[in-house]
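Here are my notes on the two-chain model you sent round. Have it open while you read, since the points jump between the chains.

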Amino acid sequence: MVFFPHRHLLGIKGLTEPDITFLLDKADEAVKISRQREKKTSTLRGLTQINLFFEASTRTQASFELAGKRLGADVMNMSVGNSSVSKGETLIDTAMTLNAMRPDVLVLRHSSAGAAALLAQKVACSVVNAGDGQHEHPTQALLDALTIRRAKGKLSRIIVAICGDVLHSRVARSNILLLNAMGARVRVVAPATLLPSGIAQMGVEVFHSMEEGLKDADVVMMLRLQRERMSGSFVPSVREYFHFYGLDAEKLKAAKEDALVMHPGPMNRGVEIASEVADGPQSVIESQVEMGVAVRMAVMETLLTSHDHGERA
Amino acid sequence: MSHTVLKNVRIIDPSRNLDETGTIVIGDDGRILAASSQAQNQGTPDGATVRDCRGLVAVPGLVDARVYVGEPGAEHRETIESASRAAAAGGVTSFIMMPDTNPVLDDIALVEFVQKTARDKAIVNVHTAAALTKGLAGHEMTEIGLLQGAGAVAFTNGRHGLSDSLLLRRAMTYARELDAVISLELREKYLGNGVMNEGLFASWLGLSGVPKEAELIPLERDLRIAGLTRAKYHAAKISVPESAEAMRVARNRGANVTCGISINHLSLNENDIGEYRTFFKLSPPLRTEDDRMGMVEALADGTIDIIVSSHDPQDVDTKRLPFADAADGAVGMETMLAAALRLHHSGQVPLMRLIDAMSTRPAQIFGLDAGTLKPGSRADITLVDLDEPWLVAEGMLRSRSKNTPFEDARFSGRAVATYVGGKCVHTL
């Protein structure tokens, strides 16, 4: 029996350093499986995974689907999208309906913070948070950590600069929690309008200049800037944002020579990142996608095999 | 009805600054004949019902100045009758009902409907606060004079703020001539567009924050306009010490202004939200522990005039949702007294001040015939056991809605009997 004392993965909060290391080690194994010609295992044969996506996300959903299938689970996708019905009402009603179908794991993406926690209270199976509002996106932080660990050999004492729209980013929150738990040094670089209140107490160093924030960094993690936030409401314009905060080859020079460039995708080329960098030698953006499948395999296998998922009343 | 005599009772009457053990005699007309230590020496009238109240405290029945009811329009959450039963159980003998109903109480016919329903069905005194603007939309003022004539005791924009400063100035100018009280909630619609207190905790939860300034800016504006118009203004629910300070400053300028706070903001803080517990989603949002402590001090020194329950029944359809999508509000009439007594037990607020803030003072501000045990006044009396331990359980609430932030809370002290007009409407 494996040692992982959690039934759900709702966030990085609540995970300890050994929990995280356990998942990353397991994900390393999953990478090997994914690189074999025969990629399918029977670990989760007979179990049902439902991907419940209230927000459209082709890549995350595909990644979870592939992960489930490689483990031999039956995978069903439900894309609820933005229906006209009150989103929250749909969440609980849909959850109860799905619960009655006796799935073994529900993967939830929802636009409201806390949605995964709410779902976990109402259903009998494991819940994996695939992003809830501006709260957390734990598998993204795990895949980022795996990417870094494989490239740098460790997570402790490396300097990671998270740049861009931290305010609205669940990816940033999960990464801050995870990297701190693993002993990394975390910086955030953003205009003050894109930083949450109390950011300085979140275990990070705060910078408003890319040059200073990237100095000696081992990893430069860029965040996506949502289109509706570009023109006037949070930053004056795309042009001004790119000028000060867009990652190009010139700004990247401030970081260590072998610094990794990361992005959770989908990228806005020419907004937060220049193509020369996104496609350049330091970019590990494609590797992140590969690690995503491996991490999700590790998470689902761990949740579904470390707890009793036999007969339920 | 025969006479009722409450013997050996500790009488606390803020309207007379009286705290002594004595006797209360209630006449057959439902009015108080005597309430003091001297009354002990008077003979007991023939046929009177005598209750030995040794160990109990008699206070003027509580007056709750901010209560939302579902009738008309959302009777599944609360009716006027069920609200009155919740009130009686909490020692509340009079409450002021907000106009946020469907339809909105912005017309004399609707105010009359509420008064009639209350007369027929409610077991406590129900007063109405009418809408200050038609449909609470914030564009046109209602018939303040006629509504007052129909019985409205205050004018408010309910849960909605009022953005139009010019309209507010005119409404206050007009209301001044009628001596009407204007009572507003404070939430600037742009800055206040969040779902919990702004700060580190909200940031970790990924929830949008409401800064204090979203309350302070409309409060400062309202206080300035109240000064300009010399109207009676009441800030319905303040939540941060800076607002209490603004009240002090305005009073020093001579403005005729008062303010209240919800019992929740004296008892709870933002950390109670925990993992997205929607019963703690309130407006204004729960603030920090430092803010709460500051508000307790401001209550003790009288800067904050009154405590309200801000009783706001919500059902699963509006609360069993992700935090940001859930409705604001919590029920509170049944727990207000017990929660307030915590401040007495902790020695932070004198008992006399607490009773004043929940009875005498709100009755004065809104001109109600309540809040006193003076001979001749209506016998609205709450008998309190200051120390009785009890535990709040959902099933015991009389309110139709169970959205209490005090579920499983341990309290010391509660109302053991409630008299309205001399009639016992609640007894444990």
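The points below start with the interface and then turn to a helix pair and some backbone details.

1. First, a reminder that this is a predicted model. Everything here is computed from those coordinates, so to speak, "as modelled".

2. On the extent of the interface: 23 residues of chain A are in contact with 15 residues of chain B. Together the chains bury about 1,600 Å², and carbon and sulfur atoms give 63% of that area. If you want to know where to look on chain A, try A:Ala113, A:Ser197 and A:Met202, which supply 27% of the area that chain A buries against chain B, more than any other three residues.

3. For the polar side of things, the count between chain A and chain B is 1 salt bridge. You'll find it between the side chains of A:Lys13 and B:Glu275, at 3.3 Å from N to O. There are also 5 residue pairs in polar contact across the two chains, counting pairs with both residues at pLDDT 80 or more.

4. Which elements of chain A give two or more residues to the side that touches chain B? They are helix H3 (87-100), helix H4 (115-122) and helix H6 (170-181) of chain A. H3(A) gives the most, with 4 residues. By class, the residues on this side of chain A come out as 9 nonpolar, 9 polar and 5 charged.

5. Now over to chain B, for a helix pair. Helix H6 (residues 213-229) and helix H7 (residues 241-252) of chain B pack with their axes 10 Å apart, at an angle of about 10°. Angles under 35 degrees count as roughly parallel, so H6(B) is roughly parallel to H7(B). From H6(B), the contact takes in B:Glu215, B:Leu216, B:Leu219, B:Glu220 and B:Leu223, while H7(B) brings B:Glu242, B:Ser243, B:Ala246, B:Met247 and B:Ala250. That contact has 6 nonpolar, 1 polar and 3 charged residues.

6. Two cis peptide bonds are worth a look. In chain A, one joins A:Gly265 and A:Pro266, with omega about -10°; A:Pro266 lies in the loop between strand S9 (260-262) and helix H10 (275-278). In chain B, the bond from B:Ser283 to B:Pro284 is cis, with omega near -5°, and B:Pro284 lies in the loop between helix H8 (263-267) and helix H9 (289-300).

7. Last, please check the backbone at B:Leu136. Its phi is near 55°, a positive value in a residue other than glycine. B:Leu136 is in the loop between strand S8 (125-131) and helix H3 (144-150) of chain B.

Definitions and conventions: Residues numbered from 1 in each chain as written. Chains lettered and ligands numbered in written order. Predicted model: local features only at pLDDT ≥ 70, side-chain atom pairs only at ≥ 80, totals over all residues. Heavy atoms only, no water. Contact = heavy atoms within 4.5 Å. Buried area = accessible area lost by both parts, 1.4 Å probe. Salt bridge = Lys/Arg side-chain N within 4 Å of Asp/Glu carboxyl O. Polar contact = N/O pair within 3.5 Å; in protein donor to acceptor, adjacent residues only side chain to side chain. Nonpolar A, V, L, I, M, F, W, Y, C, P; charged D, E, K, R; others polar. Axes fitted to C-alpha atoms, helices over the stretch in contact; angles between N-to-C directions. Parallel < 35°, antiparallel > 145°, perpendicular 65-115°, else oblique.
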